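Please look over the sequence and the model below. The report that follows covers helix packing and a chain contact.

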Amino acid sequence: MSWQWFHRLGSPRWFYQKSSAWLPWLGGAALLLLAVGIVWGLGFAPEDFKQGNSYRIIYIHVPAAFLALAGYYIMAISGAIGLIWKMKLSFVVMRAAAPIGAALTFIALFTGAVWGKPTWGTYWVWDARITSMLILFFLYLGVMALSGAFSREQSGDKASALLALVGTVNIPIIYKSVDWWFTLHQPATLKLTEASTIDPSMFYPLITMIAGFYLFYAWVLTLHTRAMILQREGRTQWVRELLGAPAPTKA
Amino acid sequence: MGPDAVGVPLSKKAYSAEAGATQDAYAQVPGFYTLFRTELVLSARRRSDIVNPLLFFVTVLAMMPLGIGPEPEMLSRMAPGLIWVMSLLATLLSQESLFRGDYEDGSLEQLALQPQPLYFPVLAKVLVHWLVTGVPLALLSPLLGMMLNLGAAGYWPLFISLVLGTASLSLIGAVGAALTVALRRPGLLLALIIMPLYVPVLIFGTGTVQAALDGYSFGPQLAVLGAILAVAAALAPLASAGAIRISLEN
């Protein structure tokens, strides 16, 4: 097998040029799936017999929570690729993924709070899953803060990639310990709707929304990566040509 | 300067001298014992580095009853959590300077230039940090337990859990200290990146004391704390070593 494609992938210029062709497809598919999923979920899926219409926020909440966690792994893995193969592009992807993941974690927390008010009667509970998501949010913020703290870009890249990796090792431990802490402190009086017991008529729109969120994530990540490539490679010839700026004058 | 210019000949000389002077056990890990002893002596000479985290610990804990009220029942309910959270903060605050002095005078670079892995120097420094902050914190904990009206069953578990837990805290915090050593004012950033990683230790640390207070066996919680320490001792110095190399490039 040839590894040429892998090494090509490391070139920001190659990625920028290739991804222009992917963008309309990614964006179109993402928006289509999201539109279908939202109309299906909000308009046609049956009402929940206990929660009424308020359960419908699940169609935003669950996909956002999925992507919040997957996004951390995407960020950490691209950071690891950058550390191991010294790829410029993967650090850019890692940095681009951090704010998107943090935003999705926030959306998951926020929609959870909005959902919690009618179902549990309170916006915030120190439930195991909510607490884990909150800590995940802090992990994202830490990576973002560290990557911005260095004046030299490469150091910020490597340092935040290492922190993301340390976080990856910790996420299962944190998740298990928070779960354990919750069962120790509070009896499980509140139960979230279990995804496995959901009726097919509600489940199919949910799957559509999750697929839509994945594509949407890929689309936004590509867009953000492209913007960051332009920002970082602003001094190179091809970016200047692309933007129609004059070539740098030699002193 | 390159590694062959200064680092290798100097350290090789140091090895042979060291191997002759100490037992074979230390010769397995050249320089570990020397660095450990040097760090310990340095910490003993800089008393404020040892005393300040402890004073912080005691002072902030003395503020707690003033803030939440002096009712003994409430204090005794909150005591394990308060003492543990304050140990977290005290460890974190003292950790900022873990690699700073060595970074500023260049000895961290010399350590990194040595042909041996950075794992052991980091482990030596963390061990000293734990001996001068974690262990005294644990030794002080009965006094604070008394001030906060901790139940009699909680003293011994609190002490053991603090001894085990602060070692993990020192190890995990070393990663953050190594990542931020090249920054000018890392204090708040260090707290921001390290606090979420402290969560498991905090949960099982307070869990130990709570289980003992509720009359249950606290062995399982201590076992988990020990497991966390084992994983942290294996992995955290590796991550710190990587982080030190990144910081030195800056």
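## Helix packing and chain contact

In chain A, the axes of helix α3 (residues 58-85) and helix α5 (residues 128-149) come within 11 Å and cross at roughly 40°. This is a predicted model: local features need pLDDT of at least 70, side-chain atom pairs count only at pLDDT 80 or more, and totals for chains, interfaces and linings use all residues. Residues are numbered from 1 along each chain as its sequence is written, and chains are lettered from A in the order in which they are written.

Helices are DSSP runs (H or I, at least four residues), numbered from the N terminus. Axes are lines fitted to C-alpha atoms over the stretch in contact, with angles from 0 to 180 degrees between N-to-C directions.

α3(A) and α5(A) are therefore oblique to each other (not under 35, over 145 or 65 to 115 degrees). Ala65(A), Ala68(A), Leu69(A) and Tyr72(A) of α3(A) meet Met133(A), Leu136(A), Leu139(A) and Tyr140(A) of α5(A). Contact means C-beta atoms, placed from the backbone, within 7 Å.

α4(A) (residues 88-120) also packs on α3(A), at about 160° with axes 8 Å apart. α3(A) and α4(A) are therefore roughly antiparallel.

| Helix contact | Nonpolar | Polar | Charged |
|---|---|---|---|
| α3(A) with α5(A) | eight residues | no residues | no residues |
| α3(A) with α4(A) | 19 residues | 10 residues | no residues |

Nonpolar means Ala, Val, Leu, Ile, Met, Phe, Trp, Tyr, Cys and Pro; charged means Asp, Glu, Lys and Arg; the others, Gly among them, are polar.

The chains touch too. Chain B gives 22 residues and chain A 24 residues. On chain B's side, α12(B) gives the most, with six residues. That side divides into 18 nonpolar, three polar and one charged.

Key:
Two residues are in contact if their C-beta atoms, placed from the backbone, lie within 7 Å. Helices (H or I, at least four residues) and strands (E, at least two) are DSSP runs, numbered from the N terminus.
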